Amino acid sequence: MIPLIRMLQIQNYKSLASVSVELDPLTVIVGPNGSGKSNFIDALAFVQECVSGPVEVALKKRGGIWQTLSKLESRPPIKLPHPVPEKRIMQEMLDASVDKVAAMGFRFVLNFHEDLEADYAFEIAPVDWYGFVVSRERCVIRSRGEESQLFQVRNGQFEIPVPGIAPQIVPDRLALFAAAAIDTFRPVYEFLSSMSFYSISPDALREPQDPDPGFHLKRDGGNAASVLRTV
(Lines give C-alpha, C1' and ligand atoms only; values in the text may rest on other atoms or scores of the structure.)
Protein backbone atom coordinates (compact mmCIF):
# COMPACT_ATOMS: atom_id res chain seq x y z
CA MET A 1 0.00 0.00 0.00
CA ILE A 2 1.31 3.45 -0.93
CA PRO A 3 1.49 5.71 2.18
CA LEU A 4 -1.44 8.10 2.37
CA ILE A 5 -2.07 11.38 4.19
CA ARG A 6 -5.49 10.57 5.63
CA MET A 7 -5.98 13.80 7.55
CA LEU A 8 -4.16 17.14 7.66
CA GLN A 9 -4.60 20.03 10.08
CA ILE A 10 -3.00 23.45 9.63
CA GLN A 11 -3.14 26.28 12.17
CA ASN A 12 -2.05 29.90 11.78
CA TYR A 13 -0.06 29.46 8.56
CA LYS A 14 -0.23 32.56 6.36
CA SER A 15 -3.92 33.00 5.40
CA LEU A 16 -4.93 29.65 6.92
CA ALA A 17 -6.12 30.33 10.47
CA SER A 18 -7.55 26.85 11.09
CA VAL A 19 -7.89 24.13 8.46
CA SER A 20 -8.74 20.45 8.86
CA VAL A 21 -8.99 18.32 5.71
CA GLU A 22 -9.50 14.61 5.15
CA LEU A 23 -7.68 13.49 2.00
CA ASP A 24 -8.40 10.68 -0.45
CA PRO A 25 -5.83 9.02 -2.76
CA LEU A 26 -6.86 11.67 -5.30
CA THR A 27 -7.95 15.01 -3.86
CA VAL A 28 -8.66 18.06 -6.03
CA ILE A 29 -8.62 21.50 -4.42
CA VAL A 30 -10.71 24.15 -6.18
CA GLY A 31 -11.73 27.67 -5.27
CA PRO A 32 -11.53 31.33 -6.34
CA ASN A 33 -8.32 33.34 -6.36
CA GLY A 34 -7.26 34.33 -2.86
CA SER A 35 -9.11 31.48 -1.16
CA GLY A 36 -5.92 29.85 0.19
CA LYS A 37 -5.21 27.06 -2.33
CA SER A 38 -1.58 28.10 -2.86
CA ASN A 39 -0.99 28.55 0.87
CA PHE A 40 -2.40 25.09 1.52
CA ILE A 41 0.12 23.53 -0.86
CA ASP A 42 2.90 25.75 0.47
CA ALA A 43 2.12 24.56 4.00
CA LEU A 44 2.86 21.01 2.85
CA ALA A 45 6.08 22.19 1.22
CA PHE A 46 7.01 24.06 4.41
CA VAL A 47 6.62 20.87 6.47
CA GLN A 48 8.75 18.93 3.98
CA GLU A 49 11.51 21.53 4.26
CA CYS A 50 11.32 21.63 8.08
CA VAL A 51 11.57 17.84 8.32
CA SER A 52 14.39 17.46 5.80
CA GLY A 53 16.46 20.50 6.86
CA PRO A 54 16.73 23.40 9.32
CA VAL A 55 13.45 25.05 10.29
CA GLU A 56 15.20 28.44 10.14
CA VAL A 57 15.95 27.99 6.43
CA ALA A 58 12.32 27.13 5.65
CA LEU A 59 11.15 30.24 7.52
CA LYS A 60 13.71 32.56 5.91
CA LYS A 61 12.64 31.33 2.47
CA ARG A 62 9.18 32.74 3.32
CA GLY A 63 10.38 36.02 4.83
CA GLY A 64 10.75 34.94 8.46
CA ILE A 65 8.44 33.90 11.26
CA TRP A 66 6.14 36.94 11.08
CA GLN A 67 5.62 36.66 7.33
CA THR A 68 4.72 32.99 7.75
CA LEU A 69 2.52 33.21 10.83
CA SER A 70 -1.14 33.89 10.11
CA LYS A 71 -1.99 37.59 10.12
CA LEU A 72 -5.25 36.63 11.82
CA GLU A 73 -3.28 35.68 14.95
CA SER A 74 -2.39 38.79 16.95
CA ARG A 75 -1.06 37.44 20.27
CA PRO A 76 2.47 38.70 21.07
CA PRO A 77 5.59 36.53 20.90
CA ILE A 78 7.47 35.07 23.84
CA LYS A 79 9.63 37.85 25.35
CA LEU A 80 13.06 37.02 26.72
CA PRO A 81 15.11 39.44 28.83
CA HIS A 82 18.38 40.80 27.46
CA PRO A 83 20.99 39.54 27.76
CA VAL A 84 19.47 36.10 27.22
CA PRO A 85 19.50 34.17 30.54
CA GLU A 86 21.27 30.89 31.16
CA LYS A 87 19.81 27.77 29.54
CA ARG A 88 17.93 26.51 32.62
CA ILE A 89 16.19 29.84 33.25
CA MET A 90 15.40 30.31 29.55
CA GLN A 91 13.86 26.82 29.46
CA GLU A 92 11.63 27.68 32.43
CA MET A 93 10.51 30.91 30.75
CA LEU A 94 9.70 29.12 27.49
CA ASP A 95 7.72 26.43 29.30
CA ALA A 96 5.73 29.06 31.21
CA SER A 97 5.05 31.25 28.17
CA VAL A 98 4.44 28.89 25.27
CA ASP A 99 0.69 28.48 25.86
CA LYS A 100 0.17 32.25 25.79
CA VAL A 101 1.68 33.13 22.42
CA ALA A 102 0.83 32.77 18.78
CA ALA A 103 1.93 29.49 17.21
CA MET A 104 1.64 27.85 13.82
CA GLY A 105 0.90 24.17 13.89
CA PHE A 106 0.69 21.15 11.60
CA ARG A 107 -0.73 17.67 12.18
CA PHE A 108 -0.59 14.69 9.83
CA VAL A 109 -2.41 11.39 10.23
CA LEU A 110 -0.68 8.92 7.90
CA ASN A 111 -1.75 5.46 6.80
CA PHE A 112 1.14 3.21 5.77
CA HIS A 113 -0.97 0.07 5.46
CA GLU A 114 -4.13 -1.32 7.06
CA ASP A 115 -2.34 -2.19 10.30
CA LEU A 116 0.00 0.82 10.66
CA GLU A 117 -0.93 4.45 11.33
CA ALA A 118 1.14 7.46 12.37
CA ASP A 119 -0.02 10.70 13.99
CA TYR A 120 2.65 13.43 13.78
CA ALA A 121 2.32 17.07 14.81
CA PHE A 122 4.47 20.07 15.67
CA GLU A 123 4.07 23.76 16.54
CA ILE A 124 6.40 26.72 15.99
CA ALA A 125 6.09 29.82 18.19
CA PRO A 126 7.80 33.22 17.77
CA VAL A 127 10.37 34.34 20.35
CA ASP A 128 10.87 38.10 20.69
CA TRP A 129 10.31 39.63 17.23
CA TYR A 130 12.83 37.68 15.18
CA GLY A 131 13.46 34.23 16.65
CA PHE A 132 11.31 31.13 17.06
CA VAL A 133 11.08 27.88 18.98
CA VAL A 134 9.64 24.47 18.10
CA SER A 135 7.29 24.66 21.05
CA ARG A 136 5.76 21.20 20.69
CA GLU A 137 6.37 18.04 18.69
CA ARG A 138 4.73 14.64 19.02
CA CYS A 139 4.67 11.43 17.03
CA VAL A 140 2.51 8.38 17.78
CA ILE A 141 2.82 5.10 15.87
CA ARG A 142 -0.14 2.74 16.15
CA SER A 143 0.16 -0.84 14.91
CA ARG A 144 -2.65 -3.35 15.23
CA GLY A 145 -2.00 -5.84 17.97
CA GLU A 146 0.97 -3.91 19.42
CA GLU A 147 1.44 -1.19 22.00
CA SER A 148 1.63 2.33 20.58
CA GLN A 149 5.11 3.90 20.30
CA LEU A 150 5.55 7.66 20.76
CA PHE A 151 7.84 10.53 21.59
CA GLN A 152 6.92 14.02 22.72
CA VAL A 153 8.99 17.21 22.87
CA ARG A 154 8.35 20.60 24.46
CA ASN A 155 10.73 23.49 23.81
CA GLY A 156 13.71 21.32 22.99
CA GLN A 157 13.24 18.89 25.88
CA PHE A 158 11.83 15.37 25.70
CA GLU A 159 8.71 14.95 27.83
CA ILE A 160 8.41 11.39 26.46
CA PRO A 161 11.75 10.17 25.06
CA VAL A 162 12.37 8.17 21.90
CA PRO A 163 12.46 4.52 23.00
CA GLY A 164 15.98 3.13 22.95
CA ILE A 165 17.99 6.32 22.27
CA ALA A 166 18.74 9.63 23.98
CA PRO A 167 19.40 12.17 21.20
CA GLN A 168 20.35 15.77 21.85
CA ILE A 169 18.00 18.32 20.30
CA VAL A 170 17.64 22.10 20.41
CA PRO A 171 14.47 24.24 20.55
CA ASP A 172 14.76 25.41 16.92
CA ARG A 173 15.01 21.95 15.31
CA LEU A 174 12.57 19.08 14.84
CA ALA A 175 13.27 15.86 16.75
CA LEU A 176 11.84 13.63 14.01
CA PHE A 177 15.21 13.50 12.24
CA ALA A 178 16.85 12.01 15.35
CA ALA A 179 13.89 9.68 15.95
CA ALA A 180 14.32 8.33 12.41
CA ALA A 181 17.29 6.35 13.73
CA ILE A 182 14.64 3.99 15.15
CA ASP A 183 12.87 1.74 12.64
CA THR A 184 9.51 2.57 14.24
CA PHE A 185 9.65 6.28 13.34
CA ARG A 186 11.74 6.13 10.16
CA PRO A 187 8.75 5.71 7.77
CA VAL A 188 7.23 8.99 9.01
CA TYR A 189 10.47 10.88 8.40
CA GLU A 190 11.05 9.30 5.00
CA PHE A 191 7.51 10.02 3.83
CA LEU A 192 7.33 13.65 4.98
CA SER A 193 10.88 14.52 3.87
CA SER A 194 10.32 13.06 0.39
CA MET A 195 7.09 14.91 -0.45
CA SER A 196 7.37 16.69 -3.83
CA PHE A 197 5.46 19.66 -5.20
CA TYR A 198 5.09 21.04 -8.71
CA SER A 199 3.92 24.18 -10.44
CA ILE A 200 3.51 23.10 -14.04
CA SER A 201 4.28 25.83 -16.58
CA PRO A 202 2.55 25.52 -19.98
CA ASP A 203 5.38 27.56 -21.52
CA ALA A 204 7.97 25.07 -20.21
CA LEU A 205 5.97 22.19 -21.67
CA ARG A 206 5.89 23.83 -25.11
CA GLU A 207 9.63 24.49 -25.27
CA PRO A 208 11.96 21.93 -26.93
CA GLN A 209 13.31 19.74 -24.14
CA ASP A 210 16.93 18.76 -23.64
CA PRO A 211 17.69 15.05 -23.19
CA ASP A 212 16.93 14.03 -19.63
CA PRO A 213 16.99 10.67 -17.76
CA GLY A 214 13.40 11.33 -16.74
CA PHE A 215 13.81 9.94 -13.23
CA HIS A 216 12.35 13.02 -11.53
CA LEU A 217 9.90 15.58 -12.86
CA LYS A 218 11.16 19.18 -12.74
CA ARG A 219 9.06 21.61 -10.70
CA ASP A 220 7.87 23.42 -13.86
CA GLY A 221 7.28 20.19 -15.82
CA GLY A 222 10.01 21.10 -18.30
CA ASN A 223 11.12 17.47 -18.68
CA ALA A 224 7.64 15.92 -18.81
CA ALA A 225 8.30 14.15 -22.12
CA SER A 226 11.38 12.41 -20.69
CA VAL A 227 9.48 11.36 -17.56
CA LEU A 228 6.57 9.99 -19.61
CA ARG A 229 9.03 8.03 -21.73
CA THR A 230 10.22 6.14 -18.66
CA VAL A 231 6.72 5.22 -17.44
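Contact here means heavy atoms within 4.5 Å, and the exercises below apply this term to a predicted model.

**Exercise 1. Describe the chain as a whole, from its elements to its contacts and its surface.**

Step 1. Begin with the secondary structure: the protein chain has eight helices and seven strands.

Step 2. Turn to the contacts with a separation of 6 or more, of which 49% in the protein chain are accounted for by residues 24 or more positions apart.

Step 3. Finish with burial and surface: of the 231 residues in the protein chain, 44% are buried, while the exposed area comes to about 13,200 Å², with carbon and sulfur atoms supplying 55% of it.

**Exercise 2. Determine whether aspartate 119 is buried or exposed, and identify its surroundings.**

Step 1. Locate the residue, which lies in strand β4, spanning residues 116-127.

Step 2. Apply the cut-off: buried means under 20% relative accessible area. Because aspartate 119 has a relative accessible area of 8%, the residue is buried.

Step 3. List the contacts, leaving aside neighbours within four places in sequence: aspartate 119 touches Arg107, Phe108 and Val109, and also Arg138, Cys139, Val140 and Arg142.

Step 4. Look for a polar partner, and the side chain of arginine 107 is found at 2.6 Å from the side chain of aspartate 119, in a polar contact.

**Exercise 3. Classify valine 30 by accessibility and name the patch to which it belongs.**

Step 1. Place valine 30 in the loop between β2 (16-22) and α1 (37-52).

Step 2. Residues over 50% relative accessible area are exposed; valine 30 reaches 69%, and therefore counts as exposed.

Step 3. Join valine 30 with Leu26 and Val28, and the three form a nonpolar patch on the surface, whose accessible area together is about 370 Å².

**Exercise 4. Work out how β1 and β2 pair, and examine the turn between them.**

Step 1. Strand β1 (residues 4-13) pairs with β2 in the antiparallel sense, over six bridges.

Step 2. Across this pairing, methionine 7 stands opposite glutamate 22 in β2.

Step 3. The hairpin of β1 and β2 has two residues between the strands, and lysine 14 in this hairpin takes a positive phi near 50 degrees.

**Exercise 5. Find which residues of helix α6 are buried, and what covers them.**

Step 1. Within α6 (residues 186-193), the buried residues are Val188, Tyr189, Phe191, Leu192 and Ser193.

Step 2. Their cover includes the strands β1, β3 (104-113), β4 and β5 (131-143), as well as the helices α1 and α5 (176-179).

Notes
Residues numbered from 1 in each chain as written. Predicted model: local features only at pLDDT ≥ 70, side-chain atom pairs only at ≥ 80, totals over all residues. Heavy atoms only, no water. Helix = DSSP H or I, 4+ residues; strand = E, 2+ residues; numbered from the N terminus. Buried < 20%, exposed > 50% of the residue type's maximum accessible area, 1.4 Å probe, protein only. Polar contact = N/O pair within 3.5 Å; in protein donor to acceptor, adjacent residues only side chain to side chain. Patch = residues over 30% accessible without salt bridge, like charges linked within 9 Å, V, L, I, M, F, W, Y side chains within 5 Å. Areas by Shrake-Rupley, 256 points an atom, 1.4 Å probe, with all protein chains shown as cover. Salt bridge = Lys/Arg side-chain N within 4 Å of Asp/Glu carboxyl O. Pairing = 2+ DSSP bridges.
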